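Here is my note for a colleague who has not met this structure before. The points below are meant to be read with the model open alongside.

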Amino acid sequence: MEGKNHWGDLVMDLFDLITEDLIKKAYKEGEFDQLPGKGKPLPKDDLEHIPPDLRMAYRLMKNAGFSVEENQLKAEVMTIEDLIKNSQDDEERKKHKEKLNEKLLRWNQMQAKRGMKTNSALFKNYESKIESKLFSKKE
């Protein structure tokens, strides 16, 4: 096992040396002179507010189609659902349901924007089944 790690390290070191040589050669030959943005500062990182050790994970999630807004929306939906479930007042429950519907509409819009198909009829059927289980009067 130790031999494999040693050989792997040697291969990586060799790869690093070859890559570095190729970059130096390209630089000397002026291959980087015509790059767009040469001499200008790099564009702002849209994730600069994220700690450096988490940025790669955020980029992976972003490239996979997830967003911070989407995750916040999910958390809000879950909170509102808990409020509805634990509410004893019908008027309060009604207000929470309206708020939940707004959030779910926003969720559907986000999914549609990403090209994800949402089946609203199926979703509403599922929602009504959940509500009947959660809010049925226990006798």
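1. Among the contacts in the protein with a separation of 6 or more, 45% are between residues 24 or more positions apart. The model is a predicted one, and that percentage should be read with this in mind.

2. The protein has five helices and zero strands, and the order of its elements from the N terminus is accordingly written α-α-α-α-α. Of its 139 residues, 13% count as buried, while the accessible surface comes to about 12,300 Å², with 58% of that area belonging to carbon and sulfur atoms.

3. Which residues make up the largest nonpolar core? The core consists of five residues, namely Val77, Ile80, Ile84, Leu100 and Leu104. The elements that give two or more residues to this core are α3 and α4 (90–113), and α3 gives the most, with three residues. As a general background to this point, nonpolar side chains tend to be buried together in soluble globular proteins.

4. Helix α4 deserves a paragraph of its own. With 24 residues at 1.5 Å a residue, α4 should span 34 Å, and because its end C-alpha atoms are 34 Å apart, the expected and the computed values agree. The buried residues of α4 are Arg93, His96, Leu100, Lys103, Leu104, Asn108, Met110 and Gln111, and two of these, Leu100 and Leu104, also belong to the largest nonpolar core. In reading that list, it may help to recall that an α-helix has 3.6 residues a turn, so residues three or four places apart point the same way. Just after α4, Gly115 takes a positive phi of about 85°.

5. Is Glu70, in helix α3 (residues 68–86), buried or exposed? Glu70 counts as buried because its relative accessibility is 2%, and the cut-off for burial is under 20%. Leaving aside neighbours within four places in sequence, Glu70 is in contact with Gly65, Trp107, Met110, Gln111 and Arg114; among these, Met110 and Gln111 are themselves listed as buried in α4.

6. The surface also merits a look, since a nonpolar patch of about 410 Å² is made there by Ile23, Tyr27, Phe32 and Leu35. Within this patch, Phe32 is placed in the loop between α1 (2–28) and α2 (52–63). Phe32 has a relative accessibility of 32% and therefore counts as partly exposed, a class that runs between the limits of 20% and 50%.

Conventions. Residues are numbered from 1 along each chain as its sequence is written. This is a predicted model: local features need pLDDT of at least 70, side-chain atom pairs count only at pLDDT 80 or more; totals for chains, interfaces and linings use all residues. Side-chain values use heavy atoms; hydrogens and water are left out. Patches are made of residues with over 30% relative accessible area and no salt bridge: like charges are joined within 9 Å, nonpolar side chains (Val, Leu, Ile, Met, Phe, Trp, Tyr) within 5 Å. Accessible areas come from the Shrake-Rupley method with a 1.4 Å probe; for residues, only the protein chains shown count as cover. A salt bridge is a side-chain nitrogen of Lys or Arg within 4 Å of a carboxyl oxygen of Asp or Glu. Helices (H or I, at least four residues) and strands (E, at least two) are DSSP runs, numbered from the N terminus. Buried means under 20% relative accessible area, exposed over 50%, partly exposed in between (1.4 Å probe, protein chains only). Contact means heavy atoms within 4.5 Å. A nonpolar core is a set of buried Ala, Val, Leu, Ile, Met, Phe, Trp, Tyr and Cys residues joined through side-chain atoms within 4.5 Å. The expected span of a helix is 1.5 Å times one less than its number of residues.
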